[in-house]
Number of protein chains: 4
Amino acid sequence: MTTVRPTEASAAHQPADRGRLMVHGADRPGIVSAVSGLLTEQGANIISLDQHSTDHEGGRFFQRTEFHLPDLTVRRRDLEQALDETLQPLGMTWTLTEAQQRKRVAIFASKMDHCLLDLLWRERRGELAMTTTMVVDNHPDLAEEVRGFGVPYFHVPVPKGDKSEAEQRQIDLVKDNVDFVILARYMQILSSDFLENVGVPVINIHHSFLPAFMGAGPYFKAKERGVKLIGATAHYVTEDLDEGPIIEQDVARVTHADTVDDLTRTGADVERRVLARAVAWHCEDRVFRDGNSTVVFA
Amino acid sequence: MTTVRPTEASAAHQPADRGRLMVHGADRPGIVSAVSGLLTEQGANIISLDQHSTDHEGGRFFQRTEFHLPDLTVRRRDLEQALDETLQPLGMTWTLTEAQQRKRVAIFASKMDHCLLDLLWRERRGELAMTTTMVVDNHPDLAEEVRGFGVPYFHVPVPKGDKSEAEQRQIDLVKDNVDFVILARYMQILSSDFLENVGVPVINIHHSFLPAFMGAGPYFKAKERGVKLIGATAHYVTEDLDEGPIIEQDVARVTHADTVDDLTRTGADVERRVLARAVAWHCEDRVFRDGNSTVVFA
Amino acid sequence: MTTVRPTEASAAHQPADRGRLMVHGADRPGIVSAVSGLLTEQGANIISLDQHSTDHEGGRFFQRTEFHLPDLTVRRRDLEQALDETLQPLGMTWTLTEAQQRKRVAIFASKMDHCLLDLLWRERRGELAMTTTMVVDNHPDLAEEVRGFGVPYFHVPVPKGDKSEAEQRQIDLVKDNVDFVILARYMQILSSDFLENVGVPVINIHHSFLPAFMGAGPYFKAKERGVKLIGATAHYVTEDLDEGPIIEQDVARVTHADTVDDLTRTGADVERRVLARAVAWHCEDRVFRDGNSTVVFA
Amino acid sequence: MTTVRPTEASAAHQPADRGRLMVHGADRPGIVSAVSGLLTEQGANIISLDQHSTDHEGGRFFQRTEFHLPDLTVRRRDLEQALDETLQPLGMTWTLTEAQQRKRVAIFASKMDHCLLDLLWRERRGELAMTTTMVVDNHPDLAEEVRGFGVPYFHVPVPKGDKSEAEQRQIDLVKDNVDFVILARYMQILSSDFLENVGVPVINIHHSFLPAFMGAGPYFKAKERGVKLIGATAHYVTEDLDEGPIIEQDVARVTHADTVDDLTRTGADVERRVLARAVAWHCEDRVFRDGNSTVVFA
């Protein structure tokens with residue numbers, strides 16, 4: 001029942017001179033004060049500030065600050081220097097982004113269109129602060145549909161056996177060209193080599209159940225057990241398949257009258273909803289990774 | 001959290017020889033027995049049976065029976081005769097449909113694409129047992145998009161003052177050509193003349209709040225009151241605007257951080273979900289009207 | 001978001017002369033017709049009928065019929081004889097219950113009061129068609145509270161090692177005295193001997209996550225993974241711990257700001273809600289077991 | 001699906017030396033920096049900071065800061081003086097509370113026990129950072145139950161006509177003795193005189209529907225319209241009955257099979273859940289009133 005709240009204004013028209021500062025590190029007194037003092041000193045007006053500490057004694061500290069600073073692009077270098085001077089002594093890591101600079105993304109797909117099309121459609125509607133620079137698909141079926149959105153489409157077949165060549169082609173397409181990758185029901189396992197080489201966050205969506213059903217045919221197994229809820233989980237991809245930090249989850253109700261096909265269809269609906277939220281939040285720098293967990297300032 | 005469960009098999013490929021019998025009237029003993037006896041006698045196998053009585057003394061009775069009957073199309077006339085003979089003496093009204101005969105629909109739209117495209121996309125995916133025979137729009141913007149789905153698109157401008165001519169054009173397009181009409185965020189009020197002339201059910205979707213906010217700018221008013229839930233209601237259209245029998249409703253959670261734009265966007269998401277469910281159920285004859293209420297065998 | 005709909009009238013005052021007939025077996029044509037014909041013939045008026053078939057060719061058939069039959073208690077024997085004559089040749093198994101006969105239940109608890117008190121309180125309010133004849137607890141803490149509800153309380157300590165003696169005491173208390181057992185956060189594993197000897201259905205509630213977290217400290221593990229939903233599952237107990245047929249499930253949303261304690265507390269809230277629904281449905285004979293799955297006519 | 005997250009540690013055992021600073025006023029640059037700077041200067045460690053601005057140009061600013069300050073009680077006066085010096089020139093209003101000082105509450109009830117008992121039970125469990133100092137009831141039925149929780153119970157009958165005397169008795173009981181009042185399904189309308197005289201926030205819970213149904217018998221009207229969702233709203237009481245700023249809302253799903261009694265019962269379940277959340281948030285100073293809206297840092 002959570003909503004996609006893509007941005008303060010509109011994901012489509014991000015305001016100029018709007019910056020986002022992400023700070024994290026070992027918690028210690030004075031960080032909020034130091035960061036907000038620095039921003040005020042630099043002439044920035046804080047628009048929103050979210051802060052979380054896992055434990056105020058020996059915990060990890062996370063802060064997202066959205067601010068308005070006239071001529072941000074011009075004055076960015078000065079700001080960055082001030083941030084280094086203030087935050088390095090405090091042992092803090094920081095990232096600065098401009099809301100106007102939409103994130104570039106590559107979407108990987110595999111025949112199933114529900115997540116892919118929903119993302120392209122939401123992007124066109126202005127709900128997602130991103131620019132899809134390419135779709136990479138190991139099946140050719142969706143080419144026309146994707147290109148209808150004005151998005152380049154690359155068909156990269158992935159053979160059953162050695163996938164290294166296909167992965168190399170994918171890396172060649174994506175590397176340095178995108179800020180993150182979305183696996184929109186991409187049905188191939190990516191090697192840890194790929195994850196290392198691609199060098200940007202990868203977001204995946206998959207079905208989820210209570211309890212989990214391992215291996216093949218999860219909807220069939222769920223049916224066999226009489227589950228009443230079908231869920232989906234969006235998470236960052238790590239080396240352990242389907243095991244990375246969770247960004248968002250949701251469920252839908254099902255009954256004994258639902259066939260395995262119905263469960264699958266319901267699952268698809270939840271998947272596109274959950275993935276859209278996770279992507280919206282990632283695009284607006286609302287998600288911190290914290291080990292195998294996340295801090296989401298939604 | 002309810003799911004769209006479009007059909008027993010798949011909305012795309014409705015099984016042959018599958019019939020649906022809808023029976024309703026004043027409740028009295030023996031109806032279930034009479035109907036099921038008749039079907040068995042005719043060689044039909046009951047696949048599913050839903051029954052509801054508003055009150056078993058003096059209430060209203062509703063029954064939906066799905067059955068398999070070899071050569072249904074050929075034997076339909078005999079079956080209908082038997083139904084008349086059995087059910088007329090019991091004072092029951094009945095309707096018989098064949099699952100294979102997909103309902104024909106006209107979708108009315110007004111610029112906003114979220115409900116319209118979601119329906120077309122779900123139909124293409126095989127989630128809705130219907131055939132969209134036309135889209136009627138009072139703005140020309142969505143023509144290309146709709147025709148990309150292979151669906152005829154008619155632009156019927158509606159002037160501010162006298163709408164009777166525009167409504168006549170709409171009637172000319174729709175009359176006898178469709179089994180029902182969907183108002184997919186169609187922003188014009190239809191006259192009672194239109195509703196009478198069109199002669200088929202009309203399904204509408206609109207935003208809903210707890211409490212309701214009347215008149216213009218409901219999202220603005222909701223924001224002013226601090227509402228935490230944004231909802232949508234799909235209903236059959238009656239002469240009282242936004243007041244007909246409710247088919248389906250759902251909500252999404254919002255917070256103080258959501259702007260009026262965010263509320264509107266969240267509302268759009270709930271609208272398309274709720275409308276899709278209501279349409280799926282209508283297409284499969286799962287909805288009875290009961291005065292200003294409904295009985296939904298979802 | 002599902003509701004507890006305890007009964008047609010009120011769980012507290014079940015109408016007289018109201019019967020429930022549960023029929024199940026291998027699906028074959030003519031069952032609905034045979035059952036409804038028989039009931040009509042016997043002078044019963046069908047109030048509600050729910051039917052489900054897992055597959056209309058070679059599937060399993062389930063039917064729940066609620067009916068009104070004047071002088072049901074007196075005429076019950078005749079009805080049972082007629083049911084045998086009609087349903088045995090069709091290979092159907094059936095159960096007949098009278099709505100007025102509330103189910104007797106023993107609730108097993110272990111210190112934690114949230115599920116136990118919620119059940120007792122709902123029973124007193126008339127939301128559950130059951131009579132709690134005893135509470136069996138392996139801790140003595142809740143004695144006064146339980147007896148305040150007028151319910152007998154038995155403290156049966158369970159030692160760490162050999163539990164057979166304690167289980168024997170539990171069996172002595174429960175055997176032939178109750179129609180089912182609820183494990184309301186009872187923290188001891190019951191042996192398969194116990195399950196066999198007790199001879200009545202046992203309903204359990206436990207926390208659930210997407211994905212599942214095995215072993216000790218599940219809330220801690222959930223926190224480590226950043227889960228956004230905390231769930232609960234009510235199910236019939238089988239020999240495989242926490243693995244029986246699911247009756248009901250639900251979830252609640254959590255965030256990174258929730259501590260492990262918060263997750264636990266949220267879990268408790270979901271648990272009592274889910275358990276109350278499952279128990280209400282069981283009490284009204286709305287749940288069929290189907291192998292390791294269920295058919296719930298909620 | 002939202003959770004009650006009563007406190008950072010446990011509502012039962014609020015940590016010592018934990019302060020909460022609530023600041024609000026017309027938005028202007030530099031507030032976050034000024035507040036956090038001041039706290040750091042005073043030796044406080046910021047544990048969590050939530051901030052919201054309705055519009056960063058000409059909007060209203062809200063900030064909740066939770067901090068740790070050794071010997072808070074002793075040093076409170078110095079801190080308050082510093083706050084005055086810093087925040088008054090900025091035109092900000094502020095409140096300082098100590099987490100250890102549980103809020104004192106009077107609960108008003110009227111026969112129906114579901115909300116009242118749920119609150120008392122959650123308080124006893126340690127889920128609510130409050131102390132119920134009295135229950136005021138215009139019916140005598142719940143006396144024993146309430147006193148079983150160790151809470152004083154006052155029966156103040158309210159006659160049909162002139163209620164001023166009864167309200168005076170209520171004021172005499174409550175005035176200066178409590179920090180807020182909860183109307184736990186209190187079925188009498190409070191006069192604006194009462195609200196003025198009582199001088200503390202009053203939280204109410206009532207049923208809500210989409211759309212709203214005005215006047216008497218709302219569940220009956222909801223049934224007549226075929227609503228599919230039953231909701232509840234917790235809000236601060238203002239002179240306009242049932243119209244104050246909303247703190248929390250939720251819904252539950254219902255169907256045509258639910259009777260008016262079922263709807264009422266389902267409504268009761270949602271009411272107690274929603275009220276418990278609203279009260280928990282109020283107790284931890286998570287709710288700002290903003291005109292007829294709220295800012296809830298849940």
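This is a short walk through the structure, stop by stop, with something to select at each one. Keep in mind that the model is predicted.

**Stop 1: the sheet in chain A**

Start with chain A and colour its strands. You should find an open sheet of seven strands with mixed pairing, in the order β7-β6-β5-β8-β9-β10-β11. Which strands sit at the edges? Select 153-155 and 246-253 of chain A: these are β7 and β11, and each of them pairs on one side only. If you look along the sheet, neighbouring strands are turned against each other by 20° on average, ignoring direction.

Now pick out residues 103-109 and 180-183 of chain A. These are β5 and β8, which run parallel and are joined by four bridges. For a landmark on this pair, show Phe108(A), which stands opposite Leu183(A) in β8(A).

Next, add residues 218-225 of chain A. That's helix α7, and it packs on the sheet, touching β9 (202-209) and β10 (229-236) of chain A. Line the helix up with β9(A) and you'll see the two directions make about 25° with each other.

**Stop 2: strands β5 to β10 in chain C**

Hop over to chain C and select 180-183, which is strand β8. Turn on the side chains here. Phe180(C) and Ile182(C) point one way, Val181(C) and Leu183(C) point the other way, and all are buried.

Stay on β8(C) and bring in residues 103-109 of chain C. This is β5, running parallel to β8(C) with four bridges between them. To find your place, select Phe108(C): its bridge partner in β8(C) is Leu183(C).

Then add residues 202-209 of chain C, strand β9, which also runs parallel to β8(C), this time over three bridges. Here the pair to click on is Ile182(C) with its bridge partner Ile203(C) in β9(C). How many of the eight residues of β9(C) are buried? Seven of them are, so the strand is largely enclosed by the rest of the structure.

One more strand at this stop: residues 229-236 of chain C, or β10. The pairing of β9(C) with β10(C) is antiparallel and covers seven bridges. His206(C) makes a good marker, with Thr233(C) as its bridge partner in β10(C).

**Stop 3: where chain D meets chain A**

Show chains D and A together and pull up the contact residues. There are 21 from chain D and 21 from chain A. Between them the two chains bury about 1800 Å², with 54% of that on carbon and sulfur atoms. Don't go hunting for salt bridges between these two chains, as the count is zero. Polar contacts do turn up: five residue pairs across the interface, with both residues at pLDDT 80 or more.

Which elements of chain D should you select for this side? Take α1 (31-41) and β2 (45-53): each supplies at least two residues of the side that touches chain A. Of that side, the largest share comes from β2(D), with eight residues.

**Stop 4: three salt bridges**

The structure holds 107 salt bridges over all chains, and this last stop picks out a few.

Select Arg125(A) and Glu127(A) to begin. They form a salt bridge whose closest N and O atoms are 2.6 Å apart. Are the two partners buried or exposed? Arg125(A) is partly exposed, at 30% relative accessible area, whereas Glu127(A) counts as buried at 2%.

Now go to chain D and show Arg64(D) with Glu66(D). Their closest N and O atoms are 2.8 Å apart, in another salt bridge. In this pair, Arg64(D) is buried and so is Glu66(D).

Finish in chain D with Arg277(D) and Glu248(D), whose side chains meet in a salt bridge at 2.6 Å, N to O. Colour helix α8 (260-283) and strand β11 (246-253) of chain D as well: Arg277(D) lies in the helix and Glu248(D) in the strand, so the pair ties together parts that are 29 residues apart in sequence. Arg277(D) is buried, with 2% relative accessible area, and Glu248(D) is buried too, with 1%.

Definitions and conventions:
Residues numbered from 1 in each chain as written. Chains lettered and ligands numbered in written order. Predicted model: local features only at pLDDT ≥ 70, side-chain atom pairs only at ≥ 80, totals over all residues. Heavy atoms only, no water. Salt bridge = Lys/Arg side-chain N within 4 Å of Asp/Glu carboxyl O. Buried < 20%, exposed > 50% of the residue type's maximum accessible area, 1.4 Å probe, protein only. Pairing = 2+ DSSP bridges. Axes fitted to C-alpha atoms, helices over the stretch in contact; angles between N-to-C directions. Contact = heavy atoms within 4.5 Å. Buried area = accessible area lost by both parts, 1.4 Å probe. Polar contact = N/O pair within 3.5 Å; in protein donor to acceptor, adjacent residues only side chain to side chain.
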